[in-house]
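Student: I have a new model to go through. Can we take it step by step?

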Amino acid sequence: MNPRAMVKLSQLLNSRNKLSQHKLLGESIGNCFKLTSSAAGISTSRQSYGADGKISGRIFADYSIFKGKAALSAAPVLPTFSKLDSGYTKVERRGTIMLTFRPAIGERKYDSEKKQLFALSVTEIGSFISLGPQDSCEFFHDPSMKSRDAGQVRKSLSIKPITDGYFISLSVTNNVLNRTDRFTVPVTTAEFAVMRAAFSFALPHIMGWAHSTNQHSNNVGQDFSKVHPQLAAASEWDR
């Protein structure tokens, strides 16, 4: 192939890559999240590379499932670490898998202002990834558990089998505001398989084991809210 033809081929491939990336990305418009893909996809920010070939800037890698009444996104939240007087570093708080539910407000449009969060703990992730085709499970969260304010706000996440996959439902009851928000997202067998594989991969990272077995990592001992601001441990009770 002559050089001129190779240049044209390279330009064609680059234009196709940009077009496919544009189709997969959702657009944030005000408090709304507008979907430009058809069903499920990976929501990522644009990547820029430095001279050393490393990615610079923030990276978002949510796995999102968009359905008629609601959208569900999942993303890992890294653990936080603290440094001991001895110089060693320990896990201060384990990470989670943060699930984000957004209600639909139109065709392929979702309201981020009314989103609700549910943070799966390490043990809850174990229950999630071990589900069989006919298994179900349910998790309950209460930020004021074992205090006099217990029951004011309660969250319930249920996963129930259907013909081709599962219903993943979130119910948030706020007795202070006398309000209950409910979301249900049908997840196909293929989409659930992606979540299972991704959660299994993320598990040692959110436990801190990936850092414990890689003692030469430049990130160990640093403040992860600065190293990875978009993945720093967050609370599901923060809106």
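Student: Over how many bridges do strand 15 and strand 16 pair?

Tutor: Keep in mind that this is a predicted model. Strands of a sheet pair through backbone hydrogen bonds, either parallel or antiparallel. Here strand 15 and strand 16 take the antiparallel sense, and the number of bridges is nine.

Student: Which residue in strand 16 does Ser 171 stand opposite?

Tutor: Look across from Ser 171 into strand 16. The residue standing there is Arg 182.

Student: Which strands stand at the edges of the sheet?

Tutor: The open sheet has four strands, in the order 13-14-15-16, with antiparallel pairing. A strand at the edge has a single partner, so one side of it is left without a neighbour in the sheet. That describes strand 13 (137-141) and strand 16 (179-187).

Student: What angle does the direction of helix 3 make with that of strand 16?

Tutor: Helix 3 covers residues 189-207 and packs on the sheet. Strand 14 (153-162), strand 15 and strand 16 are touched by helix 3. Its direction and that of strand 16 make an angle of about 105°.

Student: Which backbone nitrogens does the side chain of Asn 174 reach at 3.0 Å?

Tutor: Asn 174 is in strand 15, residues 165-174. A polar atom of its side chain lies 3.0 Å from one backbone nitrogen, that of Val 176. The side chain also reaches, at 3.0 Å, the backbone nitrogen of Leu 177. The names are Val 176 and Leu 177.

Student: Which residues does Asn 174 touch, not counting those up to four places away in sequence?

Tutor: Set aside the residues up to four places away in sequence. The contacts of Asn 174 are then Gln 152, Val 153 and Arg 179.

Definitions and conventions. Residues are numbered from 1 along each chain as its sequence is written. This is a predicted model: local features need pLDDT of at least 70, side-chain atom pairs count only at pLDDT 80 or more; totals for chains, interfaces and linings use all residues. Side-chain values use heavy atoms; hydrogens and water are left out. Helices (H or I, at least four residues) and strands (E, at least two) are DSSP runs, numbered from the N terminus. A polar contact is a pair of N or O atoms within 3.5 Å; within protein, one must be able to donate a hydrogen and the other to accept it, and residues adjacent in sequence count only if both atoms are side-chain atoms. Contact means heavy atoms within 4.5 Å. Two strands pair if DSSP finds at least two bridges between them. Axes are lines fitted to C-alpha atoms, for helices over the stretch in contact, and angles run from 0 to 180 degrees between N-to-C directions.
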